[in-house]
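Colleague: I'm new to this, so could you walk me through how the labels get justified?
Modeller: Sure, let's have a look together.
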Amino acid sequence: MTRIACLFVPDADERVKPALLEIALRHSPSVEDGGPDIVYLDLGGLERLWGGEREIAERLRRAARERGAAARIGIAGSRAGARFAARAGSDITIVPPGRDARWLGPAPLALLGLSPEMSARLGRWGIHTLGELADLPARGLAERLGGEGSRLQRLACGEDATPLRLWTPSPVFEESADCPWGVETLEPLGDLLADLADMLCVRLRRYELSADAFEWTCRLADRTVHEGDCAPAAPLADSAAAAELLRVSLAARPPRAAVETVTLRARPVRAESVQPRFDEPPRPNPRLLTATLARLSALVGAGGVGSPVILDTHRPDAHRMTPFLLPSPRPSPQRGGGARNPSKEIFTPLPHRGRGQGEGAVLAVRRIRPPRSVEVTVDAGAPAHLRAAGLAGRIIAGAGPWRVSGEWWTEAPFVQDEWDVELHDGTLCRLARDGRGWRLEAIYD
């Protein structure tokens, strides 16, 4: 005989639901997530552990109250009966075996979760409660609504033979290690993180998952906490690549004292396997790419490797580096959809009329990053002579200045004047001047 218990918390918020699931799973191995404020659990065979149904209901209600939730408990022979008993009854409502249909009779049809079309159709027939639906002739209802009508009528009578859709908690990918003697150098700490990463990657592969981020927390000997995180270029479950990435990230931001406890967490994702297309270049191996980026970070620093993102400002060359991530494979173009073909795109350079050049001549700008400091002699407010490493000469023509300024509302406003000048040997370059002096910003080729 099936007996279902329902935990119902009116107006529950998102913090209550995990507590309800935990309470239910502590009392029964068969638990179903019924929605934002409802949890079902199968009571079959629990009498030997927790006593009768009244004792189990009291335990459930008391456990919910300890977690700050005022739960109502309903017990019946089906989901619908238990849910109706929990919603319409008092704190604890137990429907006797075989009496579900009587309890469900006055309940509204909304308890069945009908579609708008089905609800409107039954409303036109004058059916508004589960009892009225249960009293309809079964044969005539099946002729008009088919198998769906028969299923709804069985639910209205409290007959629900479908087993619970079992809920299991999501696996937590976290490993910890204690170091009571204290780890003071990076090499043994990196080895310790590598061992933890190997255990996490084994578990990830067991669940056919990958990690798109790693986070670590170190409890230090001075009673402070050191935290950090890193993200691979693509989700991975390869322990060697994860270990190298963690070592580099830890070296970029090492702890300030000896480490007594370290915890490593992986953020799991399910990486989809996508068949590569024949008309696009092969994608890099995520494991090798992550290892390469980790080695580059060790050479130039973590802030020097990534994808540049232009900032929303007029400050010249303002950008920030974000972690490099492999883009998702682009979908196959639909037939007749006018998909973009990069090989056929035409980029038209801006025309530039320079000295000794024709109407259609174009110039390319070669930016110098970082800008090079130069010595400039000024005559009548305009640059007249330029001297820099590998470049010097008299300025025979120029245009400017153009003032660029902004962010005056911040603590670091900027303002600079820019000139385009031509040297006596035909070299065209861009000069800029601010409070720090003159700089060579670019050369026109």
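Colleague: How do you know that strands β7 and β8 pair?
Modeller: Keep in mind that this is a predicted model. Pairing takes at least two bridges between the strands. β7 and β8 (residues 225–230) have six, and they run antiparallel, so they count as paired. One spot to look at is W216, which stands opposite G228 in β8.

Colleague: What makes up the turn of the β7 and β8 hairpin?
Modeller: Four residues lie between the two strands. R223 in that turn has a positive phi of about 70°.

Colleague: How do you know that β7 pairs with β9?
Modeller: At least two bridges are needed, and β7 shares nine with β9 (residues 259–269), in the antiparallel sense. In β9, T263 is the bridge partner of T217.

Colleague: Why is β7 called mostly covered?
Modeller: Buried means under 20% relative accessible area. In β7 (residues 210–220), eight of the eleven residues are buried, so "mostly covered" fits.

Colleague: Now the helices. How do you know that the length of α1 agrees with what it should span?
Modeller: Count 1.5 Å a residue, and the twelve residues of α1 (residues 16–27) should span 16 Å. The end C-alpha atoms of α1 are 17 Å apart, which agrees.

Colleague: What covers the buried residues of α1?
Modeller: Among the elements covering them are β1, β2, β3, α2 and α3. The buried residues of α1 include V16, L20 and H27.

Definitions and conventions: Residues numbered from 1 in each chain as written. Predicted model: local features only at pLDDT ≥ 70, side-chain atom pairs only at ≥ 80, totals over all residues. Heavy atoms only, no water. Expected span 1.5 Å × (residues − 1). Buried < 20%, exposed > 50% of the residue type's maximum accessible area, 1.4 Å probe, protein only. Contact = heavy atoms within 4.5 Å.
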